[in-house]
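Work through these short exercises with the structure in view. Try each task before you read its solution.

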Amino acid sequence: MTSLAAPERWTSRLVLAGIYLLAGILHFPFAGPLLAITPSWVPYPHFVILATGVCEIIGAAALLTSRFRWLAGVALALYAVCVYPANIKHAIDGLSAVDASSLAWMYHIPRLAFQPVFVWWALHAGGVIDWPFASRKS
């Protein structure tokens, strides 16, 4: 499998791991705001917020290992899919607010559109896929 050069993939992996590490750590001091965007059908929402923070931290660390990298890539991609309902709820709540400004639109719409990029990024950083960087074979 031919892929993006090692330094670029390593940098991509390091940045994504940093994002997930920071996000996971922030689940603890900022559980309240995350609870506010958690859909009502999520059971034990406070526990889920804390557990997902732990998952983000473990996923970030695993992404930087050779042994667990592939599994971390798959798990973080699935995680990005699973939290999408919270992103949708956050956008609906933010955009339907009486004082919804253009700044709300400028945050929520790109955020929703960028979620598939996080799925791809996790799969690519984990070495699960090479698309679109693989060379084409004749």
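**Exercise 1. Find the salt bridges and say what each one links.**

The model is predicted. Start with the count: there are 2 salt bridges. The rule asks for a side-chain nitrogen of Lys or Arg within 4 Å of a carboxyl oxygen of Asp or Glu.

Step 1. Take arginine 9 and aspartate 130. Their side chains form a salt bridge, with N to O at 2.2 Å. Arginine 9 sits in helix α1, while aspartate 130 is in the segment after α6, so the bridge ties together parts 121 residues apart in sequence. Both arginine 9 and aspartate 130 are buried.

Step 2. Take lysine 89 and aspartate 93. Their closest N and O atoms are 2.7 Å apart, which makes a salt bridge. The two residues are 4 apart in helix α5, so about one helical turn separates them.

Step 3. Check exposure. Partly exposed lies between 20% and 50% relative accessible area. Aspartate 93, at 37%, is partly exposed. Lysine 89, at 25%, is partly exposed too.

**Exercise 2. Test the length of helix α4, then find its buried face.**

Step 1. Helix α4 covers residues 69-82, which is 14 residues. At 1.5 Å a residue it should span 20 Å, and its end C-alpha atoms are 20 Å apart, so the values agree.

Step 2. List the buried residues of α4: Arg69, Ala72, Gly73, Leu76, Ala77, Tyr79 and Ala80. Seen down the axis, they fall within an arc of 160 degrees, so they line one face of α4.

Step 3. Look at the other side of α4. Trp70, Leu71, Leu78 and Cys82 are exposed there.

**Exercise 3. Do the same for helix α5.**

Step 1. Helix α5 has 13 residues, 84-96. From first C-alpha to last it reaches 18 Å, close to the 18 Å expected.

Step 2. Ala86, Asn87, Ala91 and Leu95 are buried in α5. Their arc is only 155 degrees, so they lie on the same side of α5.

Step 3. On the other side of α5, Ile92 and Ser96 are exposed.

**Exercise 4. Which residues touch the most other members of the largest nonpolar core?**

Step 1. This core has 15 residues; Leu16, Tyr20, Leu63 and Phe118 touch the most other members.

Step 2. Trace the elements. α1, α3, α4 and α6 each give two or more residues to this core. The largest share, 5 residues, comes from α4.

**Exercise 5. Describe the nonpolar surface patch.**

Step 1. Trp10, Leu14 and Leu64 form it, with about 260 Å² of accessible area together.

Step 2. Place leucine 64: it is in the loop between α3 and α4. At 34% relative accessibility, leucine 64 counts as partly exposed.

Note on methods:
Residues are numbered from 1 along each chain as its sequence is written. This is a predicted model: local features need pLDDT of at least 70, side-chain atom pairs count only at pLDDT 80 or more; totals for chains, interfaces and linings use all residues. Side-chain values use heavy atoms; hydrogens and water are left out. The expected span of a helix is 1.5 Å times one less than its number of residues. Buried means under 20% relative accessible area, exposed over 50%, partly exposed in between (1.4 Å probe, protein chains only). The arc is that of the directions from the helix axis to the C-beta atoms. Patches are made of residues with over 30% relative accessible area and no salt bridge: like charges are joined within 9 Å, nonpolar side chains (Val, Leu, Ile, Met, Phe, Trp, Tyr) within 5 Å. Accessible areas come from the Shrake-Rupley method with a 1.4 Å probe; for residues, only the protein chains shown count as cover. A nonpolar core is a set of buried Ala, Val, Leu, Ile, Met, Phe, Trp, Tyr and Cys residues joined through side-chain atoms within 4.5 Å.
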